[in-house]
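Hello,

Here is the structure I promised to pass on to you. Have a look at it first, and then read on for what turned up in it.

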Amino acid sequence: MRYVSTRGRAPELGFADVLLAGLANDGGLYVPESWPTLAPRSGPGDDYVQRAVEVMLPFVTPDIDEVTLTHLCAEAYGTFRHPAVVPLVQIGSNQWVQELFHGPTLAFKDVALQLVGRMFDHVLAQRGERVTIVGATSGDTGSAAIDGVAGCDNVDIVILYPLGRTSEVQRRQMTTVDAPNAHAVAVEGTFDDCQDLVKAMFNDAEFRDRNNLSAVNSINWARVMAQTVYYVVAAETFAEPPTFVVPTGNFGNVLAGWIAREMGAPIRDFVLASNTNDILTRFVNDADMTARDVVPTLSPSMDIQVSSNFERLLFEMNGRDGGMTAEQLDRFRQVGRLDVEADQRASYIDGTFRAAAFDDDATVAEIGRLRAETGMLVDPHTATGTAAARLFSTSTASGGPMVTLATAHPAKFPDAVEAATGTRPALPPHLADLFDRSERTQTVPNDLDEVEALVEQLTA
């Protein structure tokens, strides 16, 4: 498998080089040169590791062989607290939740990052190299990335998070990790500011090369690749193709589902669930991708206006024309609006994506409703998904099962859950002392020079 940049001006690379590079040197995101056909299942239906190897092997060959990939997957998914890794739970006559939060940091990011961290260490050990990972987080990616690489011998990691815009549990999961190679840094700004700083560091060629930068947030292809697996596993469980309802801000999670469908997974369509920061919902429903100010909400991981992974779908919509994609994104940055042609929407959006957005009041109401009707506690992100699933199942013919992705454990957002239900969700035993642990973090202004200086200081 070879990989190309969405902006068309970077060299083609193999998987290992794409893994370590993260962002292409032309500012684009790497994608496979073509989508492979999904391999048939060869083992038991409940063997997540085996299915993960079958789904991902075409993407990593020949840089990682099947035996090594099996070992890495077994190690990664052995850290999950549920034997099914990502179990399905029925909550209604035609409604399911897929729980993606049974990993070490209680968020769906663990599904990818427990594996990606091990892939990094494997490739770097083979090459005798060391990298500095820089990443931006709106809440969950940071803790999952730090946990995924804290034990790696060949990696330093610096995660930027927006000051005061994560939950306390999310922040503490980053700032209490006692590992000399892991650093959490608060930025005086929004998640979009953090994401812009990371991209600017990668686009600063001298700084990037001097520090051997790499990335683990969803600009890194390996993250998206690993997330395709749980769509395949869930879709193959049902007798008819399901609809997946995906709480989304940065578009990476739902993009993984779209790729799984392109590979041949039996998936009907996708529903995007947003909060007040509804740029993706407006794009799907009204062809309006206009950036607005980010509004803090109870679901902070979706407090985003610039959805980085949409670039990968835009590249497909443009017939894989990197120059056209780069021009559109440059214009979006300049004027704050992205326009696509009607025929592109007809081919890639209509019939594939539906969308709905819910403000904090509606989110709290949904958390309370689910608790009362099913006994289940869900976090505010997942609640936007179950609210969207309920909306579409009652307003239209659903056409099959609806699977909402439960993206975080309710204990990551205990204040919102308690306000909605009167019950404060408890952290699992391995995190029970989280609020007693010492924090280690620094705060920097939203300034590239100061952030770069701090990254070099922390990783020296």
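Please keep in mind that this is a predicted model. I will start with the open spaces, go on to the enclosed ones, and finish with the sheets and helices.

**Pockets**

The largest pocket holds about 390 Å³ of space. It is lined by 22 residues, and those closest to its centre are Arg7, Lys199, Glu311, Leu329 and Arg333. Three elements give two or more residues each to this lining: helix 7 (191-203), helix 12 (310-317) and helix 13 (322-335). Sorted by class, the lining of the largest pocket has nine nonpolar, six polar and seven charged residues.

The second largest pocket has about 260 Å³ of space. Its lining is made of 15 residues, with Ala21, Arg208, Asp209, Asn212 and Leu213 nearest the centre. Helix 7 turns up here too, as one of the elements that give two or more residues to the lining, along with helix 1 (15-21) and helix 8 (205-211). By class, there are seven nonpolar, three polar and five charged residues around the second largest pocket.

**Cavities**

How many cavities of 30 Å³ or more does the structure hold? There are three. About 270 Å³ of space lies in the largest cavity. Among the 24 residues that line it, Phe108, Lys109, Ser138, Asn250 and Ser301 are the closest to its centre. Helix 5 (140-149), helix 9 and helix 10 are the elements that give two or more residues to this lining. The class count for the largest cavity is seven nonpolar, 14 polar and three charged residues.

The second largest cavity has about 60 Å³ of space. You can find it by looking for Ser138, Pro162, Arg165, Thr190, Phe191, Val294, Pro296, Pro300 and Asp303, which line it. Ser138 is thus in the lining of the largest cavity and in that of the second largest cavity. Around the second largest cavity, the residues divide into five nonpolar, two polar and two charged.

**A six-stranded sheet**

Now to the strands. Six of them form an open sheet with mixed pairing, in the order 3-4-14-9-10-13. Strand 3 (88-92) and strand 13 (353-357) are at the edges and have a single partner strand each, so one side of each is left without a neighbour in the sheet. On average, neighbouring strands of this sheet are turned by 25° against each other, direction ignored.

Within this sheet, strand 9 (residues 243-247) and strand 10 (residues 269-274) run parallel and are joined by five bridges. If you would like a pair to look for, phenylalanine 244 stands opposite phenylalanine 270 in strand 10. Helix 11 (residues 279-286) packs on the sheet, where it touches strand 10 and strand 13. The direction of helix 11 makes about 130° with that of strand 13.

**A five-stranded sheet**

There is also an open sheet of five strands, in the order 8-5-6-7-15 and with parallel pairing. Its edge strands, strand 8 (213-214) and strand 15 (441-445), each pair on one side only. Strand 6 (residues 155-162) pairs with strand 7 (residues 182-188) in the parallel sense over six bridges, and isoleucine 157 stands opposite alanine 182 in strand 7.

Which strands does helix 4 (residues 109-127) touch as it packs on the sheet? The answer is strand 5 (131-136), strand 6 and strand 8, and the direction of helix 4 makes about 155° with that of strand 5. Helix 7, which you met at both pockets, packs on this sheet as well and touches strand 5, strand 6, strand 7 and strand 8. Its direction makes about 150° with that of strand 5.

**A pair of helices**

Last come two helices that also help to line the largest cavity. The axes of helix 9 (residues 221-235) and helix 10 (residues 252-263) come within 8 Å and cross at roughly 65°, and the crossing is right-handed. The contact includes Trp221, Tyr230 and Tyr231 of helix 9, and Leu255, Ile259 and Ala260 are among the residues from helix 10. By class, this contact has 10 nonpolar, five polar and no charged residues.

Enjoy exploring it!

Best wishes

Definitions and conventions
Residues numbered from 1 in each chain as written. Predicted model: local features only at pLDDT ≥ 70, side-chain atom pairs only at ≥ 80, totals over all residues. Heavy atoms only, no water. 1 Å grid on protein atoms, 1.4 Å probe; cavity = no way out; pocket = protein on both sides within 12 Å on 5 of 7 lines; lining within 4 Å. Points joined across faces, edges and corners; volume = space filled by probe spheres on them. Helix = DSSP H or I, 4+ residues; strand = E, 2+ residues; numbered from the N terminus. Nonpolar A, V, L, I, M, F, W, Y, C, P; charged D, E, K, R; others polar. Pairing = 2+ DSSP bridges. Axes fitted to C-alpha atoms, helices over the stretch in contact; angles between N-to-C directions. Contact = heavy atoms within 4.5 Å. Left-handed = near helix turned anticlockwise from the far one by under 90°.
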